[in-house]
Amino acid sequence: MSPSANQWSAQRRLLGGLGLAVALGLTGCQMDIGGQTLPSPYWQTDDVQYFPPGPEFKLSREAAAMKAFKQDQVRSGRPVQPPVGEAPDAGPAPGDAGP
């Protein structure tokens, strides 16, 4: 007994439908290929991740606070303390030739 033409046609449709479902399931995924990110099928509804450029000097607020503190000390007549790790200006170091 050989299968009828209708049975072959039904098997082809079933296999074709499964192949189409697998092909659709594998496409549209976000991928990273060669350093570029290719979009997913949901790219229009993804959240925007934009980070505006900041200042080059990352500690700008700290530097501004230190400058304001130093100016406040100068205005009030108090001596300005050298930053931590720096020696106060006391002249040339021993062994250095003076001017």
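**A chat about a predicted model**

Me: What happens just after H2, at Gly77?
Reply: In this predicted model, Gly77 comes just after H2 and takes a positive phi of about 85°; helices here are DSSP runs of H or I with at least four residues, strands are runs of E with at least two, and both are numbered from the N terminus.

Me: And how far does H2 reach from its first C-alpha to its last?
Reply: Helix H2 (residues 60-76) has 17 residues and reaches 24 Å, close to the 24 Å expected, where the expected span is 1.5 Å times one less than the number of residues.

Me: In what order do the elements run from the N terminus?
Reply: They run α-β-β-α, with two helices and two strands in the protein.

Me: Where is confidence lowest, and where is it highest?
Reply: Going by pLDDT, the predictor's confidence in each residue from 0 to 100, strand E1 (residues 31-33) is lowest at a mean of 72, and H2 is highest at 90. Where pLDDT is low, the predicted coordinates should not be read in detail.

Me: New topic: is Leu18 buried or exposed?
Reply: Leu18, which sits in helix H1 (residues 5-26), is partly exposed, with a relative accessible area of 48%; buried means under 20%, exposed over 50%, and partly exposed in between, with a 1.4 Å probe and protein chains only.

Me: How many of the 99 residues are buried, as a percentage?
Reply: Buried residues make up 2% of them.

Me: Any ground rules?
Reply: Residues are numbered from 1 along each chain as its sequence is written. Local features need pLDDT of at least 70, side-chain atom pairs count only at pLDDT 80 or more, totals for chains, interfaces and linings use all residues, and side-chain values use heavy atoms, leaving out hydrogens and water.
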